[in-house]
Amino acid sequence: MARFALLVLTAVAMFGQANHDLGYDDIPMLPGLPFHVHDPKRPHPPVVTPAAQAGGAPSDAIVLFDGKDLSEWQSGKSNWKVASGYLEVAPGAGDLVTKQKFGDVQLHVEWAAPLEIRGNSQNRGNSGIYLQGRYEVQVLDSYQNPTYADGQAGALYGQWPPLANATRKPGEWQSYDIVFEAPKFEAGKLVRPAYATVFLNGVLLHSHKELMGPTVHRQLAKYTAHPAEDSLVLQDHQQPVRYRNIWIRRLRGYDQPEK
Ligand code: MG
């Protein structure tokens, strides 16, 4: 005990006020923020344990599909096939809808266009990831399959073509990493549009891109007020696209000012 007290006293004597491991409070304030540069009182972010392997779900993610079952999805579409660790669109069965509803999220989805090439343009390997059931990040076999630019894989459908065509061949697994910032409405009026950041196979397709409104076909998109949270939807576009390893993180308060 005495030895411990001596150690503490020595540490205080050595470092005292000069121990800056956790910051400094004698440096100018950051403009518009209640903190000094390197402020020791600035809140630390929560610890999130990353997955052991790239693409795996971190500790705070909600796993929506782990290759086994559709327990996170609404019933009634059970004819979507689950086999060998993947999920396959059952053509004509209808869209697959999550039970949980989401606002601002980070989403990881892996998908593969059918190995057997059938159809052209929008009729080849078409599916889609609908954030809040409304805002589509297009899934399409865009490997040597010309279509309109704002409809190819990774397009914010009908609005923004991706910055690159980074699609792999049909049958090969591909990954989307998406950050979606939900639109904000007050008293039925839009006060902040939706934004999407999208990577396909690690290649940037959209960086904080402003959405014009919910996805529509052969029309101009426009916002109408909707709930702050809604389901994630996978599109049945009549083609047997496969999915696996789907996880999502809720991003709460990331855009709120620090206090
Ligand atoms: Mg689609």
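**Domains and selected residues**

Q: What does the domain assignment give for the protein chain?
A: In this predicted model, the assignment gives domain 1 as residues 1–47 and domain 2 as residues 62–250.

Q: How many Å apart do the C-alpha centres of the two domains lie?
A: The C-alpha centres of domain 1 and domain 2 are 46 Å apart.

Q: Turning to Gln122, where does it lie?
A: Gln122 is in the loop that runs between β5 (105–112) and β6 (127–131).

Q: Is Gln122 buried or exposed there?
A: Gln122 is buried, because its relative accessible area is 12%, and buried means under 20%.

Q: Which backbone oxygen does its side chain reach?
A: The Gln122 side chain reaches the backbone oxygen of Gly151, at 3.0 Å.

Q: And which residues does Gln122 touch, leaving aside those up to four places away in sequence?
A: Gln122 touches Gln138, Leu140, Thr147, Tyr148, Gly151, Tyr157, His237 and Gln239. Gly151 is thus one of the residues touched, and its backbone oxygen is the one reached by the Gln122 side chain.

Q: A different topic: what is the phi of His208?
A: His208 is not a glycine, yet its phi is positive, about 45 degrees. His208 belongs to strand β12, residues 203–210, and is partly exposed, with a relative accessible area of 40%.

Q: What about the phi of Arg218?
A: Arg218, also a residue other than glycine, has a positive phi near 60 degrees. Arg218 lies in the loop between β12 and β13 (230–234).

Q: Is Arg218 buried or exposed?
A: Arg218 is exposed, because its relative accessible area is 79%, and exposed means over 50%.

How values were computed
Residues numbered from 1 in each chain as written. Predicted model: local features only at pLDDT ≥ 70, side-chain atom pairs only at ≥ 80, totals over all residues. Heavy atoms only, no water. Helix = DSSP H or I, 4+ residues; strand = E, 2+ residues; numbered from the N terminus. Buried < 20%, exposed > 50% of the residue type's maximum accessible area, 1.4 Å probe, protein only. Polar contact = N/O pair within 3.5 Å; in protein donor to acceptor, adjacent residues only side chain to side chain. Contact = heavy atoms within 4.5 Å. Domains from an automatic or database assignment.
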